[in-house]
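Take a moment to look over the structure below. The paragraphs after it offer a guided walk.

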Amino acid sequence: MASISIEKLKRFAEGNPMYSLRQVGDVLELRAAAPPPSEAMSAIEGQPSGEVAEVVVVFKVEGPKAEPVEAYVDLGSTRRPVSLEEIEWWLQVLDQMY
């Protein structure tokens, strides 16, 4: 998986209220409100009714770049892992747009 510019991630998150970005040391966490289950059943399969889901991508900071190391759907009481391959296309699009 390729790395992405931290500045691109910041510009993306600042321009979209559904996303938040937080950095602690060399770990960067991008959180996104997940779409409703009807739009993304594969991403949040088994989501309890009424429970808010967030997609979380964790990056390791390496200079001006960040490399994804983990992704999951956070359902509050549970986490479902998401393979990095599933989000790679999205990061490539983000990298080209910003």
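The tour goes from the overall fold to the core, then to a charged network and the surface.

Begin with the fold. This is a predicted model. The protein has two helices and six strands. Along the sequence they follow the pattern β-α-β-β-β-β-β-α. Of its 98 residues, 36% count as buried. Now take the contacts in the protein with a separation of 6 or more. Residues 24 or more positions apart account for 47% of them.

Next comes the interior. Nonpolar side chains tend to be buried together in soluble globular proteins. The largest nonpolar core here holds 23 residues. Which of them touch the most other members? They are L9, Y19, L28, L30, F59 and W90. Both helices and several strands contribute to this core: α1 (6-14), β3 (27-33), β4 (54-62), β5 and α2 (84-97) each supply at least two residues.

L30 gives a view from inside. Leave aside residues up to four places away in sequence. L30 then touches L9, A13, Y19, S20, L21, V55, V56, V57, F59 and W90. Among these partners are L9, Y19, F59 and W90, which also appear in the list of core residues touching the most other members.

Now turn to the charges. A search of the whole structure finds seven salt bridges. R22, E29, R31, E54 and D74 are linked in a network of such bridges. Start at R31. Is R31 buried or exposed? R31 is buried, because its relative accessible area of 17% falls under the 20% cut-off. E29 is buried as well. R31 and E29 form a salt bridge, with their closest N and O atoms 2.9 Å apart.

R31 also meets E54. Their side chains form a salt bridge at 2.6 Å, N to O. This pair links distant parts of the chain: E54 lies in strand β4 and R31 in strand β3, 23 residues apart. E54 is partly exposed, with a relative accessible area of 28%.

A further bridge joins the side chains of R31 and D74, at 3.4 Å from N to O. Here too the pair links distant parts of the chain, with R31 in strand β3 and D74 in strand β5, 43 residues apart.

Stay with D74. D74 is found in strand β5, which spans residues 65-74. Why does D74 count as buried? Its relative accessibility is 16%, so D74 falls under the 20% limit. Setting aside neighbours within four places in sequence, D74 is in contact with R31, V52, A53, E54 and V56. A polar atom of the D74 side chain also lies 2.8 Å from the backbone nitrogen of G76.

Move on to S83. This residue is found in the loop between β6 (79-81) and α2. S83 is partly exposed, with a relative accessible area of 33%. S83 and A71 are twelve residues apart along the chain, and their C-alpha atoms are separated by 6.5 Å.

Finish outside. The protein exposes about 5,900 Å². Carbon and sulfur atoms supply 54% of that area. Which residues form a nonpolar patch on the surface? They are W89, V93, M97 and Y98, with about 430 Å² of accessible area together. W89 is found in helix α2. W89 counts as exposed because its relative accessibility is 54%, over the 50% cut-off. Helix α2 thus serves both regions: α2 supplies at least two residues of the core, and it holds W89 of the surface patch.

Definitions and conventions. Residues numbered from 1 in each chain as written. Predicted model: local features only at pLDDT ≥ 70, side-chain atom pairs only at ≥ 80, totals over all residues. Heavy atoms only, no water. Helix = DSSP H or I, 4+ residues; strand = E, 2+ residues; numbered from the N terminus. Polar contact = N/O pair within 3.5 Å; in protein donor to acceptor, adjacent residues only side chain to side chain. Contact = heavy atoms within 4.5 Å. Core = buried A, V, L, I, M, F, W, Y, C linked by side-chain atoms within 4.5 Å. Buried < 20%, exposed > 50% of the residue type's maximum accessible area, 1.4 Å probe, protein only. Patch = residues over 30% accessible without salt bridge, like charges linked within 9 Å, V, L, I, M, F, W, Y side chains within 5 Å. Areas by Shrake-Rupley, 256 points an atom, 1.4 Å probe, with all protein chains shown as cover. Salt bridge = Lys/Arg side-chain N within 4 Å of Asp/Glu carboxyl O.
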